[in-house]
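Got the viewer open? Grab the mouse and follow along, one selection at a time.

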Amino acid sequence: MKILSSHDEILMLTILKLQGNAYGVTIRRLVSKATGKNWSIGAIYDPLYRLEQKGLVESILSDPTRERGGRSKRLFTVTQKGMEQLAAHKKVRDNLWQSIGEFQYEKNQG
Amino acid sequence: MKKTRDNTRFPAVTYWIFSRLLNQYTEVPVLGDLQEEYFYLCGEKGPRFARFWVRLQLIKSLPFLIRNLIYWSIIMFKNYLKISLRNILKQKSYSFINIAGLAMGIAVFILIALYVQHELSFDTYHDNADRIYRVIQEKPGSESVGKDKFATTPPALAPALMQEFPEIVSAARIGVLSNTLVSGNEKNFIEAKVHCTEPEIFEIFSIPFVKGDAKTALNDPFSILLSERTAEKYFSSENPVGKVLNLGEKFDFKVTGVFKNMPENSHFTMAVVIPFVTYFQFKFGPGALTEWSDYSSFYAYCLLREGAVPEESEKKFPVLLDKYKYHGSNIDRSRKAKYLLQPLTDIHLHSGVNVPISSTNSDIKYIILFSSIAFLILIIACINYMNLTTARSVQRAKEVGLRRVVGAKKSQLVKQLLGESFIFTLLALIASLFIIWLTLPVFNNFIERQLSFNPVQNPHLSLTVVLIILFAGLFAGSYPAFYISAFKPVTILKGAFKTSSKGAMLRNILVMVQFSITIILVIATLIIRDQLHFINNRDMGYDKEQAVVLHVGDAGTRKNFHNNLETIKAELKRNPGILSVAGSKRLPNNINFNPVNILPGKAAGTYTPIYAVWGDDEFVNLYGIKIIQGRNFSKDFPADKNGAILLNETAAKTSRWESPIGKEITYWGNRTGKIVGIMKDFHFHSLHSPIEPLCIYYEPEYFDYLSIKINAHNIPQTIVAIEKVIKKFSPKHPFEYHFFDEIFERSYRTEQKTGKLYGVFAFLSIIIACLGLLGLASFAAAQRTKEVGIRKSLGASTANITLLFLKEFVKWVFFANLIAWPVAYYAMNKWLQNFAYRTSIGIGTFILSGLIALLIALFTVAFQSIKAAGSNPVEALKYE
C-alpha cells in the first residue's frame, strides 16, 4: 500500500468535498479554513500536480470567466485509483487509531 | 490626462514574475486563480490588502515555483533530447558525416593545442622560474658562425656575480663534459653529457633530492650525483649512495645523492652531476677555474632577488667585465663582449644563441605557425558544420513548416532546432575525445614527446574547446532555428522558400578557398617528397653503403683506440668480411667544426676561412672520395707523419696558389702541413649549404670515429667479429655501431618529418574540403529541385542534369587551382631556396594536384548530383 502524505490526503478529501467545483481558489479556501492555516498558492498546486503525475487526481480546463481575466479554471477530481488509495489509507488509520484510542482513554482515566 | 495611480489594478511586477516562472501547463489556471482571489479581496478587504496578499502569495509560493520550473525544464529537456536523437538517427549518413567532420576538427585542434601548451610550459615548473636568468653574451663580429649571441660564459663568472651584484641571490655555473665513459657495478655506458656544477644550482632550480642532501652532496670533489633514471641504469634497485663510479677511466667518484628526474619540459636535463672544480681534472687544468676567457662549454645561471629588475643588473655588467676580464685595458668598447640576462622561460623558444646547453630548443615561430593552423582548422571545421547544418535545414523546411501549421509555437521550434544543433556538437565533442584517444600514441611518436590529454586537469584547453564548439552549435543552429521558423508556414509548403543569394556566394567562395588550401598542401607534400628523393639519390661525392661506424671518441676508452689504431686495423682486416678500416675525427656527411682562417687567400696577406678535419690514410678511400690531383696520405711517404694535408677542389680554387700541391699551411698554431693532394668536392654539409673549402690533416691519432667498410655478405657475422676485436682492445667500451647510410638518412630527419606533417595536413585538408563541398552540393540540390523538375519535364535526361550540376562545381575547383598554383609555387620556391642543391619544380606536380582535387570534388558531388537529377519532377512541381 502506498503511503499518502498528510497534505495529499487533506487535499484529496477537500476535492471530494467540493464535488466538482474544486479548483485553486476553492480548494485553497476550504483547506485553509479546515486546517486553520493559510495555505499559499504554491502549497496547493505543488502537491496537486504531483498527485496528478501519480494518477490519483485528474484535471480538466473549464471555460474562461471574466473575473479571471478571461482565463480558464483547472477543475480537479479524484480518480478511481485515488479513491481506492484514500479508502485503503483510511482503513489503516482507523485500525491504528482504534488501538490507540482505547489505550489513551484508559490512560487518561486512570 | 493626469496619470492617476490605479490602486485597483493587479500588481504588475508580481504578475510578471509569476507569468515568467510558471510554465505552459500551470500558467493560465494559476494566474486565473490569483486574479479571482484578488478581485474578491479587493471587494472584501480593500485594494491595498489585496495587493499585499498577492505579493505575499508570490513569496510563499517561491519554492513551489522554482521546483516547478526545474521539474518542467527537465521534462522539456528530455523531450527535446528524445526528438533530437530521433531526428539524428533518421538522417544517419548526414549526421555521421557532419559529426565526424566537426569531431576531426576538434581533435586536431586539441592535439596541436596540447603540443603548443607543452612547448610554452618549458621550465615553468621551477619554484623561482620568474626570477631565474641565464647569462649570455653578445660578441660583435661573430655573425659568421650563425648568430652573435652565445650561451657560454667564462668559468669565473658566477662567483663574481654573487660577490659584486647584491641583487643576485644565487649564481651557479655548469660545465659540460661530452661523451664520457662511466663504469660502475659491472656496467659501462657512455654518458652523452656529464654536468659539472655547484650546490647553488639546486637553490636556483627546483630539483628535489631523493637521497642525500643538496647542500652538502657536492662537497667532496670526487662525489657524484645521479638522476633516478641513471641510478637505476647502473645500480637497478639498489641504493646507489656510497657506491663508486669511474669516469673516463681516470677517476673514481662516490655517489652521494640521487635527484628526481628533471621533467621533459626543461631546456636541459641532467643525468650525471659532479662538482664544478672537478671539470678541470678532465680538461684545461685547474688554472682555468678562475679564467675569464671564453671556453666553449660553461654556462652561468643566476637567481635574482624578489622585485629586482634584470635591466638594472645588465647595466652593471660592463663595469664588472672591465674590472675582471679586461683589467681596464684599452680594447675598443665595440669589440668587447656584452653580457645580458636572459629569462629562463625565454630560453626554450626564444633562445637565439650559439652553443646552446642542449639541442632541444625550438622556436617561437613554429608555435605561432602551429597555433594559427590549429585555429584555422577548427574554424573551418565549424564553418563546414554550419554550412552542412544550414543546407540540411533547408531540406527540412517542409517539416518545419508543417509543424508551424499544426500549431507549434515559434519559440518551441527554435528551442528544438537549437537543441538538435547542440546535441550534434556534443556528440562531436565526445567523438573527438575518442579520436584523440586513438591517435595520441602516433602523435606522441611523431613529435617525440609524451603528451596526454586529461580534460579535467587541463581546464584552460577544455573550456576553450567547449566554448568554441558551443558557439559553433549556437551559430549553426540559429540560422535554421530563427530564419526558418520565422517564415509563414504557407510560404514554406509552397516551396517558394529561398535563401539569399549573398549567402550562397559566400559559401561558394568558402569552398573554393578550402580547395585552394588543399591543392597548396598537396603540391607542397609532393614537392617535399621530390626533394627528399633528390637528396637520397644525389651523388654526395662519397659512398654511403656498407660502412659500419663506431664512435670511439669518449673520454675513457678513446686512448685504447688512439694508441692501437694500426693493430686494431690489422686484426679487423684478418676477417675477410672487412674490406678497410679508417679513423677520422668526423664523418664525411657532417664536418661540423667552425671554419678556421688558415688558408692563404688570393690577395696577399689575407686568409680565407676553411673547414678542417683530421683523418688517417684510409679515410678518403674508404668513403670513395676521389683524389684528382696528387695523392692521398700514405705510409709509403714517411714524411706525411710530420704534417700532410688534402684540399678539396673549392679550397684549391680559393687559395692563393695556381697549383697548391707541395705548398705548406700552418695549423693548430704551430704545426705545418704540406699539401699532398686535391680531393674532388663532396658534400660535407647537408645539401642546404653549398660546398665550401675543406682540408683534411693527416692525423692517425685523436680520432672520434672508426669507419669499417664491410662486405655485403654475412653482415651479422662480420658485426660479431668486429665486436670481438673491439672488446679485445677496449673491453670497457660499450659496443654500439651504426650504419653510415642510416646516419646519413637521420640527418635529414627534419625534412622527412616536415614531409610527413604536410602529408597529414594535406589529408586533413582534403577531408575538410570535401565536407565543405558536400554541404554546398546538398544545399544546391535542395534549392534547385523545382528547376530540376522543370528541366526534366521539358525533356532533359538524368545524365544531362548530372552534368549540369557537375559543371557548376568543376568551375569552383578550377578557380581554386588558379589561386593555389601561384601561392604554392612561391612558397615552395622559398622553401627550396634553403637548399643549395635542389630539385626543380615541375609543371607535372601542379597538374597532378589539380587533377587530384578535381577527382575528389567529382567524387564528393557525384552522389548528390545523381540523386537530384534522378528525382521525380512530379514531386518537385506538385505544389505549383
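Start by colouring chain A by secondary structure and walking along its sequence: the pattern reads α-α-α-β-β-α, giving 4 helices and 2 strands. Keep in mind that you're looking at a predicted model.

Now show chain A as a surface. Chain A exposes about 6,900 Å², with carbon and sulfur atoms supplying 53% of that. Of its 110 residues, 41% count as buried. If you draw contacts within chain A, take those with a separation of 6 or more: residues 24 or more positions apart account for 51% of them.

Next, bring chain B into view and select the contact between the two chains. You should pick up 25 residues from chain A and 23 residues from chain B. Together the chains bury about 2,100 Å², and 51% of it is on carbon and sulfur atoms. Which three residues should you click on the chain A side? Go for A:Ile41, A:Tyr49 and A:Arg71, which supply 27% of the area chain A buries against chain B, more than any other three residues.

Zoom in on A:Arg28 and B:Glu37: their side chains meet in a salt bridge, 2.9 Å from N to O. That's one of 2 salt bridges across this interface, where you can also look for 8 residue pairs in polar contact. Then highlight helix 2 (24–35), helix 3 (41–54), strand 1 (57–65) and strand 2 (71–78) of chain A, the elements that each give two or more residues to the side touching chain B. Helix 3 of chain A gives the largest share, 8 residues.

Last stop: colour chain B by domain. Its pieces are domain 1 (12–76), domain 2 (91–120 + 363–497), domain 3 (129–362), domain 4 (499–540 + 744–880) and domain 5 (553–732). Put a distance line between the C-alpha centres of domain 3 and domain 4 of chain B, and it should read 54 Å.

Conventions
Residues numbered from 1 in each chain as written. Chains lettered and ligands numbered in written order. Predicted model: local features only at pLDDT ≥ 70, side-chain atom pairs only at ≥ 80, totals over all residues. Heavy atoms only, no water. Domains from an automatic or database assignment. Buried < 20%, exposed > 50% of the residue type's maximum accessible area, 1.4 Å probe, protein only. Contact = heavy atoms within 4.5 Å. Areas by Shrake-Rupley, 256 points an atom, 1.4 Å probe, with all protein chains shown as cover. Buried area = accessible area lost by both parts, 1.4 Å probe. Salt bridge = Lys/Arg side-chain N within 4 Å of Asp/Glu carboxyl O. Polar contact = N/O pair within 3.5 Å; in protein donor to acceptor, adjacent residues only side chain to side chain.
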